[in-house]
Amino acid sequence: MKKAVFVLIALSIAAVFLSCTGEEVSDPPVTSEQETEEPVNSESTVPEDEITEETAQEEEPGAFVELCYATSVNMPEDQFGPENVFDNDPNTGWVTMPGAGPSEGLFFSFETPIHIDAISMQALPESNSIAELYSVRLYINGISGPYYDIHREESVSIDRKVKSLFIRISGTGYHGREVPENGLCYNGSLSVGISEVNLLVENEYGQEVPLQIQPVTRVSGSIQASSSLDPVEAYNPDFLFDSRSDFGWSDGNTESSGQGENLSFHFDQSQRIEKIKIWNGYHRSQTHFDQNERVASISFGPQGEDGSVYSINDTMVPQVITLETPLEGQSFSLNILDVYEGATYKDLVISELCFFDGNDWFQLRSGEGEVRKNQLLEWAQNTDAGVFIDRQIYARIWSEDSNGEQHFILRSNGSFIIWKLLEMDDSDETMYADGNWQIIDDNSVRIFGKLHRMGSYLEYAYDPYSGAIPPPEVELDRTTIFTDILEFDGETISSQRGMFEEFTF
Ligand SMILES: [Ca+2]
Ligand SMILES: [Ca+2]
Ligand SMILES: [Ca+2]
């Protein structure tokens with residue numbers, strides 16, 4: 001087995017934001033949506049010829065995608081999901097929710113980094129439901145990279161080993177070139193989309209050819225957990241199969257360990273399972289991982305039978321479990337036999353699971369995410385949130401001693417993101433927060449997840465988030481678990497904790 005060791009590439013923070021009009025005003029920091037890079041699993045038992053760079057030397061180089069998700073997907077999701085950019089069909093594509101586009105993106109990663117020469121892509125053509133998409137920004141291995149003008153440039157050079165790519169929408173036909181000082185970037189109902197993404201690699205003859213990309217297959221079925229943590233919309237077991245390692249399932253018994261909890265998977269059609277890949281623990285951040293429980297050992301087998309026992313390492317590196325014997329059937333159960341203690345909570349979290357049938361990696365699609373999305377949209381349409389849900393809101397910050405800007409998207413898929421960039425006389429600070437949200441009432445929602453702050457302070461200054469005064473000229477780079485309440489009416493959105501300035505829309 002070939003072993004590979006990779007060092008997590010430090011998050012690089014760009015200085016400038018990009019406004020929702022596509023004009024370069026400032027550049028949001030790399031978010032979790034862009035930096036889910038994980039070290040390669042050295043224990044992987046996936047046949048090398050399927051995923052390693054050796055493939056790039058063969059006549060038709062190909063690669064499995066390990067994770068692939070989009071931050072916003074129109075419904076029905078199986079029709080507009082991100083895997084449609086890899087099907088060699090120009091008529092299918094990834095499509096955002098109506099009104100969404102700027103700052104949304106498509107993420108994918110490979111199990112093993114692959115040397116990519118260049119990337120090219122095609123946007124879905126304008127129609128009565130699709131607006132023009134003319135530029136994106138690339139984040140390569142979690143680090144902000146070049147802009148790509150889809151109309152003017154045939155391809156963009158990458159020329160490096162790629163573990164993950166995040167393609168973030170910047171310029172769309174939604175707006176003119178006016179930068180909105182405050183408010184919604186767009187209030188119409190068009191979507192934007194990308195039909196095909198091509199990665200160019202060198203074949204054995206030194207020719208540049210497209211890499212044949214094999215996305216994770218989705219198989220329909222249902223999932224049941226012995227319990228799920230409240231609010232269940234944030235810890236539902238279908239987050240085991242959403243390709244986002246930031247979102248996972250947690251057991252619901254807060255006073256006891258996850259030992260004895262179980263998950264059962266039922267597929268609509270019989271499946272073969274040879275291997276399971278597990279993202280153990282809560283991958284939202286190292287802090288989330290440490291504070292919550294992780295799985296130490298499981299049994300896995302057909303529903304109703306005693307499964308074989310497997311031990312799981314206490315690591316954020318995805319692990320592949322090769323089953324003692326390949327299983328075939330429709331229903332399987334995974335029992336938690338033992339856990340690694342969390343430093344703070346007795347909540348057992350698994351962030352992601354994937355199965356291998358001998359040919360393909362596949363995940364279970366329950367359709368529950370879409371049901372929840374419809375419920376959130378229905379709630380939004382009956383409240384003032386209907387105006388801004390799924391839409392980027394923009395605000396300039398002007399005051400005597402500081403200026404900056406902030407963006408916010410509350411998404412119907414239950415996630416949110418906030419960026420804030422502030423320049424003061426004696427300091428600079430960049431902050432982003434992302435995670436889940438839940439309805440409190442018709443005028444407020446609770447947001448919770450991680451808060452990442454980066455800053456530099458020339459002089460002693462009080463840090464309201466930590467309640468301390470950090471020393472001067474020390475770079476701040478900290479991720480914390482946070483929660484906040486957002487209150488909104490017909491015109492404004494404000495943070496109860498004062499995490500960001502008021503938005504008006
Ligand atoms: Ca396509
Ligand atoms: Ca997940
Ligand atoms: Ca528990």
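**Exercise 1. Find out how confident this predicted model is, and which stretches fall below a pLDDT of 50.**

Start with the whole chain: its mean pLDDT is 86, and 83% of the residues reach at least 70. Next, look for the weak spots. Residues 1–58 sit below 50, yet the model still gives this stretch 148 contacts beyond near neighbours in sequence. Then go to residues 462–467, where pLDDT also stays under 50. Here the model has five contacts beyond four places in sequence.

**Exercise 2. Locate the largest nonpolar core and work out why it lies between two domains.**

First, size it up: this core holds 79 residues, and L106, I194 and I350 have the most contacts inside it. Now ask who supplies it. Strand 5 (residues 105–123) contributes the most, nine residues. Domain 1 (17–214) and domain 2 (218–359) both chip in, so the core lies between them. Zoom in on L106: skipping neighbours within four places in sequence, its contacts are A70, P82, V85, W94, I167 and I194. Finally, don't miss the second, separate core of 30 residues, with C185, F388, A433 and F505 among them.

**Exercise 3. Decide whether E293 is buried or exposed, and trace what it touches.**

Place it first: E293 is in the loop between helix 4 (286–291) and strand 16 (294–302). Count next. E293 has 27 C-beta neighbours inside 10 Å, and the cut-off for buried is 20 or more, so it's buried. Now the partners: leaving out residues up to four places away in sequence, E293 touches ten-odd positions' worth of chain, including S257, G258, Y340, E341 and K346. Last, check one pair: E293 and E341 are 48 residues apart along the chain, but their C-alpha atoms are separated by 5.0 Å.

Key. Residues are numbered from 1 along each chain as its sequence is written. Chains are lettered from A and ligands numbered from 1 in the order in which they are written. This is a predicted model: local features need pLDDT of at least 70, side-chain atom pairs count only at pLDDT 80 or more; totals for chains, interfaces and linings use all residues. A nonpolar core is a set of buried Ala, Val, Leu, Ile, Met, Phe, Trp, Tyr and Cys residues joined through C-beta atoms within 7 Å. A residue is buried if 20 or more other C-beta atoms lie within 10 Å of its own, exposed if 12 or fewer, and partly exposed in between; C-beta atoms are placed from the backbone. Helices (H or I, at least four residues) and strands (E, at least two) are DSSP runs, numbered from the N terminus. Domain bounds come from an automatic or database domain assignment. Two residues are in contact if their C-beta atoms, placed from the backbone, lie within 7 Å. pLDDT is the predictor's confidence in each residue, from 0 to 100.
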